[in-house]
Amino acid sequence: MDEPKSKSQKKREADALQKVGVHLVALSLEKLDTLPLTDNLRQAILDAKLLKSHGAVRRQAQLIGKLMRSADSDAILAAYELLLAEGNAKTAEFHAVEQWRTRLLHEGKDALTEFITAHQQIDVPKLRQLIKKAVDEQKNDQHTGASKALFRYLRSCLE
């Protein structure tokens, strides 16, 4: 037989849903549209985006928490976690490209050879040219966009 939830457990769950609701307020409108929100919950989140007063924001967060409890919170949480996972994957991909660019600019031929072996489909002369321009840009302390061009090329190779 299932044990009934204690009052403390119910409060912890309500606080957790309220905290998720506050995180939902920080999301962009495009990301909010991907979540399975009820109309009144979505409107409460949009209203919270407009509030400036600390007390009003706190009260709105409580309302969002209450609406989250009555909505399908499991589906909302699952969709929100999926959004976070996608964001983390994009961040990891960005860091990988950034690492390769740093290695290619500072380690020279060893890193270039390793990159070429790992990614056979690249245009090696173009990569060498981009690296040379980026290294020259760093040596001369100029900002001609060569480093950004190298980053964009590496990102296209890694996709």
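**Salt bridges**

I started with the charged side chains and found Arg 103, Glu 107 and Glu 114 linked in a network of salt bridges. A note to self before going on: this is a predicted model. I then tallied the salt bridges, and the count comes to six.

Next I looked up Arg 101. Its side chain meets that of Glu 98 in a salt bridge, with 2.6 Å from N to O. Both residues sit in helix H5, three residues apart, so about one helical turn separates them. I recalled the general rule here: an α-helix has 3.6 residues a turn, so residues three or four places apart point the same way. Is Arg 101 buried or exposed? Arg 101 is buried, at a relative accessible area of 13%, because anything under 20% counts as buried. Its partner Glu 98 is partly exposed, at 25%.

I found a similar entry in helix H7. Asp 136 and Lys 132 pair through their side chains in a salt bridge, at 3.1 Å from N to O. They are four residues apart in H7, which again means a separation of about one helical turn. Lys 132 is exposed, with a relative accessible area of 53%, while Asp 136 is partly exposed at 30%.

I also noted Glu 13 and Lys 5, whose side chains form a salt bridge with 2.9 Å from N to O. Glu 13 has 30% relative accessibility and counts as partly exposed.

**Helix H8**

Then I turned to helix H8, residues 146-158. I checked its length: 13 residues at 1.5 Å a residue should span 18 Å, and the end C-alpha atoms are 18 Å apart, so the two agree.

Which residues of H8 are buried? I listed Ala 146, Ser 147, Leu 150, Phe 151, Tyr 153, Leu 154 and Cys 157. They cover an arc of only 165° around the axis, so they lie on the same side of H8. I looked for what covers these buried residues, and the cover includes helix H5 (73-106), helix H6 (109-118) and helix H7 (124-139).

**Ser 147**

I picked one residue of H8 for a closer look: Ser 147. Ser 147 has a relative accessible area of 16%, so it is buried. What does Ser 147 touch, leaving out residues up to four places away in sequence? I found Arg 101, Leu 105, Ala 134 and Glu 137. Arg 101 takes me back to an earlier entry, as the salt-bridge partner of Glu 98.

How values were computed:
Residues are numbered from 1 along each chain as its sequence is written. This is a predicted model: local features need pLDDT of at least 70, side-chain atom pairs count only at pLDDT 80 or more; totals for chains, interfaces and linings use all residues. Side-chain values use heavy atoms; hydrogens and water are left out. Helices (H or I, at least four residues) and strands (E, at least two) are DSSP runs, numbered from the N terminus. The expected span of a helix is 1.5 Å times one less than its number of residues. Buried means under 20% relative accessible area, exposed over 50%, partly exposed in between (1.4 Å probe, protein chains only). The arc is that of the directions from the helix axis to the C-beta atoms. Contact means heavy atoms within 4.5 Å. A salt bridge is a side-chain nitrogen of Lys or Arg within 4 Å of a carboxyl oxygen of Asp or Glu.
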